[in-house]
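Visitor: Please take one part of this protein and go through it closely. I would like to know what is packed around it and how it sits in the rest of the chain.

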Amino acid sequence: MTSPGPEHLVVAQASIDDWKVVGEWAADEGWNPGLSDSASFFAQDPEGFFIGRIGGEPVSAVSVVNYGADYAFLGFYLVRPDLRGRGYGLTTWKTALAHAGDRTVGLDGVVAQQDNYRQSGFELAYRTARFGGIVPEGQAPTAVRAATDADRAAITAYDSACYPADRPVFLDSWLTGPGHRTFVRTAADGRLTGYAVIRPARDSLRVGPLFADTADDARALIAALAADAAGRPIAVDVPQTNTTGVALAEELGLTPSFETARMYTGPVRPFAGERVYGVTTLELG
């Protein structure tokens with residue numbers, strides 16, 4: 001897909017190698033992208049990434065990643081700072097959004113862009129706050145262990161209950177990506193009661209997802225993540241609608257740094273929002 005734009009802007013699908021420059025832009029914005037995120041993002045939908053170029057030089061980017069027939073997620077809406085306000089972003093946005101077809105599209109929007117998103121048909125669902133800091137290591141958590149291949153089916157099913165779409169292809173890459181560590185908590189009968197992933201990023205370790213049945217399950221998973229972090233700072237994006245999750249982050253001494261808004265263009269299938277103590281990523285939902 002290629003779309004000509006203002007001042008000879010050309011928007012086309014991006015390769016994973018093209019996306020390296022977009023990762024640098026995201027880092028410059030303070031988004032703290034994971035060091036190996038792109039491979040998992042492209043595994044889900046390799047045709048969902050778009051770059052605008054002028055004279056062959058990247059100037060703008062948007063991703064619209066499709067999950068099945070009904071849902072897509074928009075992220076990485078970026079324009080080079082020295083070229084903003086010229087329409088490059090909007091042209092790239094429109095080209096990329098067409099990739100979603102008639103799917104409901106979600107996004108996590110920074111405060112400065114939320115009015116623009118409303119004009120494009122996105123409505124607020126809830127707000128998310130990034131909490132960060134060092135979680136002190138405490139007593140070893142009970143019933144928490146590193147995930148194994150034998151847990152994959154249970155994790156995939158649990159994830160589907162906590163997210164607006166099934167995403168087994170994404171999870172196959174995400175759970176075992178370079179530097180990614182996945183932990184599960186189980187009940188006495190072996191049933192999964194939560195799982196979490198921690199991964200290396202630019203400024204601090206990123207947690208996501210953090211899905212759990214209860215605050216006790218989430219607390220135990222975070223204790224395992226803290227032990228794995230070994231004194232390094234972590235960051236987790238907590239939906240503010242999960243007041244228990246917000247209280248847990250505060251209890252652990254994590255402090256909020258910035259806010260985003262989860263917005264959708266239409267209805268999404270029901271999911272267990274009360275289990276979402278940390279979203280997977282702001283880029284893919």
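Guide: What follows is a look at the main nonpolar core and the elements that build it, and then at some single residues elsewhere.

The model is a predicted one. It contains eight helices and 14 strands. Its largest nonpolar core has 37 residues, and W19, V22, Y67 and Y195 have the most contacts inside that core. At least two core residues each come from helix 1 (19–28), helix 2 (37–44), strand 3 (49–54), strand 4 (57–67), strand 5 (71–79), helix 5 (152–161), helix 6 (168–174) and strand 10 (192–199). A second core, separate from this one, has 29 residues, among them L210, A220, A229 and Y277.

Helix 1 is a convenient place to start. Its buried residues are W19, V22, G23, W25, A26 and A27. In an α-helix there are 3.6 residues a turn, so residues three or four places apart point the same way. In helix 1, W19, V22, G23 and A26 are among the buried positions. The buried residues of helix 1 pack against helix 2, strand 3, strand 4 and strand 5. Just after the helix, G30 has a positive phi of about 85°.

W19 shows this packing at the level of one residue. With neighbours within four places in sequence left aside, W19 is in contact with A14, S38, F42, F49, F50, I51, A61, V62, S63 and F76. Several of these partners can be placed in the elements already named. F42 is one of the buried residues of helix 2, and F76 is found in strand 5.

Helix 2 has D37, S40, F41, F42 and Q44 buried. The cover over its buried residues includes helix 1, strand 3, strand 4, strand 5, helix 6 and strand 10. Helix 1 and helix 2 thus appear on each other's lists: helix 2 is among the elements that the buried residues of helix 1 pack against, and helix 1 is part of what covers helix 2.

F76, the strand 5 partner of W19, also has a backbone feature to note. Most residues other than glycine have a negative phi, and most peptide bonds are trans. F76 is not a glycine, yet its phi is positive, about 55°. F76 counts as buried because its relative accessibility is 6%, and buried here means under 20%.

A143 also has a positive phi, about 60°, without being a glycine. A143 lies in the loop between strand 7 (123–133) and strand 8 (144–146). At 39% relative accessibility, A143 counts as partly exposed.

The loop between helix 5 and helix 6 holds C162. Its relative accessibility is 2%, so C162 counts as buried. Beyond four places in sequence, the contacts of C162 are F211, F271, A272, R275 and V276. C162 can also be related to P209: the two are 47 residues apart along the chain, and their C-alpha atoms are separated by 9.7 Å. P209 is found in strand 11 (residues 205–212). The peptide bond that joins G208 and P209 is cis, with an omega of about -5°.

R103 is placed in the loop between helix 3 (88–97) and strand 6 (104–110). With 23% relative accessibility, R103 counts as partly exposed. Not counting residues up to four places away in sequence, R103 touches N66, G68, A69, D70, Y71, A72 and T265. From R103 to W174 the separation is 71 residues in sequence and 23 Å in space, C-alpha to C-alpha.

Some values for the protein as a whole set these details in context. Buried residues make up 53% of its 285 residues. Of the contacts between residues at least 6 apart in sequence, 74% join residues at least 24 apart. The radius of gyration is 19 Å, which agrees with the value near 19 Å for a compact globule of 285 residues. Along the principal axes, the C-alpha atoms fill a box of roughly 60 × 35 × 30 Å. The protein exposes about 11,800 Å², and carbon and sulfur atoms supply 53% of that area. As for charge, the mean positions of the 24 positive and 34 negative charges are 1 Å apart.

Conventions: Residues are numbered from 1 along each chain as its sequence is written. This is a predicted model: local features need pLDDT of at least 70, side-chain atom pairs count only at pLDDT 80 or more; totals for chains, interfaces and linings use all residues. Side-chain values use heavy atoms; hydrogens and water are left out. A nonpolar core is a set of buried Ala, Val, Leu, Ile, Met, Phe, Trp, Tyr and Cys residues joined through side-chain atoms within 4.5 Å. Buried means under 20% relative accessible area, exposed over 50%, partly exposed in between (1.4 Å probe, protein chains only). Helices (H or I, at least four residues) and strands (E, at least two) are DSSP runs, numbered from the N terminus. Contact means heavy atoms within 4.5 Å. The radius of gyration is taken over C-alpha atoms; the globule rule is 2.2 Å times the number of residues to the power 0.38. Accessible areas come from the Shrake-Rupley method with a 1.4 Å probe; for residues, only the protein chains shown count as cover. Lys and Arg count as positive and Asp and Glu as negative; His and the chain ends are not counted. The place of a charge is taken as NZ of Lys, CZ of Arg, CG of Asp or CD of Glu.
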